[in-house]
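Me: I've got a structure to look at and a pile of terms I only half follow. Can we go through them together?

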Amino acid sequence: MRRYTRTVVAAALAVGIVTATTGWASGGARQAAAGPPPGSSAWRADTSLGRPLPDPVEAAPTEVAAFFRSLDGVQRQRLARRHPGVVGNLDGTPVALRYEANALSVSRDARYAHLAGRRLLAFDPRGRGLVAEVFGDLERSRHVAVVVPGSDMDAGSYDRARSPHGTTAGMARQLRAAAGRDTAVIAWVGYTTPVGVGLDAATGGLAEAGAERLARFTGGLAATGAAAPSVFCHSYGSVVCGLAAAGMKAKDLVVFGSPGMRAANAGELGTAARVWAAKDPTDWISKVPNVAFLGLGHGTDPTSEAFGARRVPAGDARGHDGYFASGTSSLRAFAAIARGEAV
């Protein structure tokens with residue numbers, strides 16, 4: 001009974017924190033991005049090749065990759081021009097073709113003119129917008145890393161000049177600079193993130209939808225021959241990664257500033273990837289109780305001894321967004337993990 005009472009109190013405290021933290025509380029719940037890529041109806045109706053095109057929802061990334069291998073260059077280009085929304089977002093499609101298709105989609109939407117000329121592995125302008133940007137040469141790099149964001153990231157906010165290491169793109173740039181040219185880093189804003197720290201951030205709905213998309217995304221990387229990635233998961237992104245872990249094709253799973261991974265310990269994640277965790281002493285996430293009760297909270301602190309993750313030094317990082325700051329021990333450790341040199 002005492003344990004139950006403590007859990008109830010902690011859960012109530014968690015709700016109070018996430019719904020009333022000054023400057024962070026948000027309003028209504030967000031609708032998770034779901035369903036097929038933009039333009040899927042026209043793609044399904046296309047009979048120009050004399051055979052059905054891979055279903056954007058049902059076809060596995062390996063099937064998609066095999067389909068594109070069966071086409072010649074002219075056929076690939078024709079599909080990319082006719083259906084840029086599908087080709088640019090369909091996991092298993094050749095990397096260079098996705099870049100071309102997404103460049104075409106960006107050119108048709110004035111809101112995202114700032115993304116012109118970038119290597120986009122995904123782009124969906126619907127809603128708040130989803131995007132995945134590659135820093136480095138994904139097709140030739142020996143090492144690959146994926147950065148998964150927490151709250152407040154979308155196609156319009158994931159890269160801000162005033163936050164050089166606090167946004168998803170900023171983290172990706174910092175990691176690539178620290179890891180070296182032989183490492184490609186992907187800023188993956190491929191799911192609907194919470195806005196602020198409200199009930200969306202305290203529950204798992206957005207993370208569950210994001211986990212399906214993340215697992216499929218890493219499957220697409222594998223299907224096109226990319227190296228197995230180290231996946232770096234910030235804040236609520238670590239909830240996404242925890243739920244995706246068993247289905248992801250990854251060699252490392254690194255969480256930082258995490259409220260929990262919806263698992264009691266690393267073994268419950270069901271992954272063969274090495275699991276790492278970091279939390280700096282000034283991160284406000286420490287004030288959020290690590291509970292899981294009636295759908296609220298995300299469970300055990302991944303940096304706790306009980307969880308069983310490998311610890312990443314972060315004593316000189318500052319705040320919730322400071323893990324990728326230049327010169328920090330956490331950034332050096334992250335780079336070593338991405339390069340496969342950490343033990």
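Me: Which residues line the largest cavity?

Reply: Keep in mind that this is a predicted model. In it, the largest cavity is lined by Tyr99, Asn102, Ala103, Val106, Leu115, Ala116, Gly117, Arg118 and Leu120. Helix α6 (residues 95-107) gives the most to that lining, with four residues.

Me: What makes this space a cavity?

Reply: A cavity is a set of points where a 1.4 Å probe fits but cannot get out. The space here holds about 30 Å³, and the structure has one cavity of 30 Å³ or more.

Me: How do the lining residues of the largest cavity divide by class?

Reply: Six are nonpolar, two are polar and one is charged. Gly counts as polar and Arg as charged, so Gly117 goes with the polar ones and Arg118 is the charged one.

Me: Back to α6, then. Why is α4 called roughly parallel to α6?

Reply: Look at the angle. Helix α4 (residues 73-82) and α6 pack at about 30°, with their axes 9 Å apart. Angles under 35 degrees count as roughly parallel, so α4 is roughly parallel to α6. Their crossing is right-handed.

Me: Which residues make that contact?

Reply: On the α4 side they are Arg76, Gln77, Ala80 and Arg81, and on the α6 side Leu97, Glu100, Ala101 and Leu104. By class, that contact of α4 with α6 has four nonpolar, one polar and three charged residues.

Me: What makes α7 and α11 roughly perpendicular?

Reply: It's the angle again. Helix α7 (residues 168-179) and helix α11 (residues 329-338) pack at about 70°, and their axes are 9 Å apart. The range for roughly perpendicular is 65 to 115 degrees, so α7 is roughly perpendicular to α11.

Me: And where do α7 and α11 meet?

Reply: Gln174, Leu175, Ala178 and Ala179 of α7 meet Leu331, Phe334, Ala335 and Ala338 of α11. Seven residues of this contact are nonpolar, one is polar and none is charged. Gln isn't among the nonpolar or charged types, so Gln174 is the polar one.

Me: Why is α9 called oblique to α10?

Reply: α9 (205-223) and helix α10 (residues 237-244) pack at an angle of about 60°, with their axes 8 Å apart. That isn't under 35, over 145 or within 65 to 115 degrees, so α9 counts as oblique to α10. The crossing of α9 and α10 is right-handed.

Me: Which residues of α9 and α10 touch?

Reply: α9 brings Ala207, Glu208, Gly210, Ala211 and Leu214, while α10 brings Val239, Val240, Cys241, Leu243 and Ala244. Eight of the contact residues are nonpolar, one is polar and one is charged. Glu counts as charged and Gly as polar, so Glu208 and Gly210 are the exceptions among the nonpolar residues here.

Me: How much space lies in the largest pocket?

Reply: About 720 Å³. Of the 36 residues that line the pocket, the closest to its centre are Ala33, Gly35, Leu130, Gly190 and Arg213. The elements giving two or more residues to the lining are β1 (120-124), β2 (130-135), β4 (183-189) and α9.

Me: Which element gives the most to the lining of the largest pocket?

Reply: That's α9, with five residues.

Me: And how does the pocket lining divide by class?

Reply: There are 18 nonpolar, eight polar and 10 charged residues in the lining of the largest pocket.

Note on methods. Residues are numbered from 1 along each chain as its sequence is written. This is a predicted model: local features need pLDDT of at least 70, side-chain atom pairs count only at pLDDT 80 or more; totals for chains, interfaces and linings use all residues. Side-chain values use heavy atoms; hydrogens and water are left out. On a 1 Å grid over the protein atoms alone, a cavity is a set of points where a 1.4 Å probe fits but cannot get out, and a pocket is an open set with protein on both sides within 12 Å along at least five of seven lines; lining residues have an atom within 4 Å of a point. Grid points are joined across faces, edges and corners, and a volume is the space filled by probe spheres set on the points. Axes are lines fitted to C-alpha atoms, for helices over the stretch in contact, and angles run from 0 to 180 degrees between N-to-C directions. A crossing is left-handed if the near helix is turned anticlockwise from the far one by less than a right angle, and right-handed if clockwise. Contact means heavy atoms within 4.5 Å.
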